[in-house]
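This note is addressed to a colleague who is opening the entry for the first time. The points that follow may be read alongside the sequence and the coordinates.

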Amino acid sequence: QVQLVESGGGLVQAGGSLRLSCAASGRTFSISAMGWFRQGPGKEREWVAGLSWTGGGTSYADSVKGRFTISRDNAKNQLFLQMNSLKPEDTAVYYCAADSLPPPGEYDFWGQGTQVTVSS
């Protein structure tokens, strides 16, 4: 099992920045990748960004490319999402997720989410 706890959400004005954190515990040695997802009001959950825990490669949804940066602190088993130039449409509950069980390529564990609200 892997436990994930997000933090760092809040209310920010459009154009502002927030940094989300996700602390992983438990069987963290089994993690192969982590990612951020979000679910806005009345919307389905969508993938935002992903990071390979072994190679460090990153990928982003087109909607956040150039504005958001995913990063990690391996020593502390933490995942981050730096969000700049925030827009009202970024308002959502943000979740971190970990891929740690076979087969690879599916997120197996999820955090409880942290609310991000961007005012216009």
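**Notes on selected residues, the disulfide and the cavity**

1. The backbone oxygen of P88 lies 2.9 Å from a polar atom of the T91 side chain. This distance, like the others in this note, should be read with the understanding that the model is predicted. A further reach of the T91 side chain is to the backbone nitrogen of V118, at 2.9 Å.

2. Where does T91 sit in the chain? T91 belongs to the loop between β8 (78–83) and β9. With a relative accessible area of 17%, T91 is buried, because the cut-off for that class is under 20%. Not counting residues up to four places away in sequence, T91 touches G40 and P41, and also Q115, V116, T117 and V118.

3. T91 is also one of the residues that line the largest cavity; the others in that lining are R38, G40, K43, E46, E89 and A92. G40 thus appears both in this lining and among the contacts of T91. A search of the whole structure finds one cavity of 30 Å³ or more, and the volume of the largest cavity is about 30 Å³. What classes of residue make up its lining? Four residues are charged, two are polar and one is nonpolar.

4. The search of the whole structure for disulfides likewise finds one. The disulfide joins C22 to C96, with an S to S distance of 1.9 Å. C22 lies in strand β3 (residues 18–26) and C96 in strand β9 (residues 92–99), so the pair ties together parts that are 74 residues apart in sequence. The link of C22 and C96 is right-handed, with 45° about the S-S bond.

5. Are the two cysteines of this link buried or exposed? C22 is buried, at a relative accessible area of 0%. C96 is buried as well, and its relative accessible area is 0%.

6. After strand β3, attention may turn to T28, which is found in the loop between β3 and β4 (33–39). T28 counts as buried, at 14% relative accessibility. The side chains of T28 and N77 are joined by a polar contact of 3.4 Å.

7. The loop between β9 and β10 (109–110) holds S100. At 9% relative accessibility, S100 counts as buried. Leaving aside neighbours within four places in sequence, the contacts of S100 are V2, S30, I31, D108 and F109. S100 and S59 are 41 residues apart in sequence, and their C-alpha atoms are 18 Å apart in space.

8. L101 is placed in the loop between β9 and β10 too. Whereas S100 is buried, L101 is partly exposed, with a relative accessible area of 41%. Which residues does L101 contact, once neighbours within four places in sequence are left aside? They are D108 and F109, and both of these also appear among the contacts of S100. From L101 to S71 the separation is 30 residues in sequence and 21 Å in space, C-alpha to C-alpha.

9. In review, three items merit a look in the viewer. These are the disulfide of C22 and C96, the cavity lining that includes T91, and the contacts of S100 with residues such as V2 and I31.

Terms used: Residues are numbered from 1 along each chain as its sequence is written. This is a predicted model: local features need pLDDT of at least 70, side-chain atom pairs count only at pLDDT 80 or more; totals for chains, interfaces and linings use all residues. Side-chain values use heavy atoms; hydrogens and water are left out. A disulfide is a pair of cysteine sulfur atoms within 2.5 Å. Helices (H or I, at least four residues) and strands (E, at least two) are DSSP runs, numbered from the N terminus. Buried means under 20% relative accessible area, exposed over 50%, partly exposed in between (1.4 Å probe, protein chains only). On a 1 Å grid over the protein atoms alone, a cavity is a set of points where a 1.4 Å probe fits but cannot get out, and a pocket is an open set with protein on both sides within 12 Å along at least five of seven lines; lining residues have an atom within 4 Å of a point. Grid points are joined across faces, edges and corners, and a volume is the space filled by probe spheres set on the points. Ala, Val, Leu, Ile, Met, Phe, Trp, Tyr, Cys and Pro count as nonpolar, Asp, Glu, Lys and Arg as charged, and the others, Gly among them, as polar. Contact means heavy atoms within 4.5 Å. A polar contact is a pair of N or O atoms within 3.5 Å; within protein, one must be able to donate a hydrogen and the other to accept it, and residues adjacent in sequence count only if both atoms are side-chain atoms.
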